[in-house]
Amino acid sequence: MAGTSLPPRGFGATLDTISALALMSGKILLVDDDPEMLALLRETLDAFGVILKASNGQDALRLIGEEHPRLIILDVTMPEMSGFEI
């Protein structure tokens with residue numbers, strides 16, 4: 001977004017940013033091969049919008065194409081396709 005500055009560092013600012021972005025479209029995609037991390041992220045972010053989950057890069061790319069999430073939170077160290085490759 002033009003003219004938007006980054007929020008100050010800290011967990012509260014991060015959640016405020018997530019909330020603002022998610023409310024624009026209501027969709028957050030979580031991508032992680034660790035089911036426990038996906039569950040923790042979903043529980044933490046559930047109030048901020050519709051949560052979509054993928055456990056690998058292929059599923060993430062499919063959901064991105066189908067659902068057009070406003071925010072994507074990626075694990076960068078997944079096997080087969082890293083978060084950087086997605």
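User: Before we start, what makes two strands a pair?

Analyst: Two strands pair if DSSP finds at least two bridges between them, and strands here are DSSP runs of E with at least two residues, just as helices are runs of H or I with at least four, numbered from the N terminus. This is a predicted model, where local features need pLDDT of at least 70, side-chain atom pairs count only at pLDDT 80 or more, and totals for chains, interfaces and linings use all residues. Residues are numbered from 1 along each chain as its sequence is written, and side-chain values use heavy atoms, leaving out hydrogens and water.

User: So how do you know that β1 and β2 pair, and in which sense?

Analyst: They share five bridges, and the rule asks for at least two, so they pair. The sense is parallel. Leu-29, for instance, has Leu-52 in β2 as its bridge partner.

User: Why is the contact of Lys-27 and Glu-67 called a salt bridge?

Analyst: A salt bridge needs a side-chain nitrogen of Lys or Arg within 4 Å of a carboxyl oxygen of Asp or Glu. Here the N to O distance is 3.0 Å, so the pair fits that definition. Lys-27 lies in strand β1 and Glu-67 in helix α3, so the pair ties together parts 40 residues apart in sequence.

User: What makes Lys-27 partly exposed?

Analyst: Buried means under 20% relative accessible area and exposed over 50%, with partly exposed in between (1.4 Å probe, protein chains only). Lys-27 has 24%, so the label is partly exposed.
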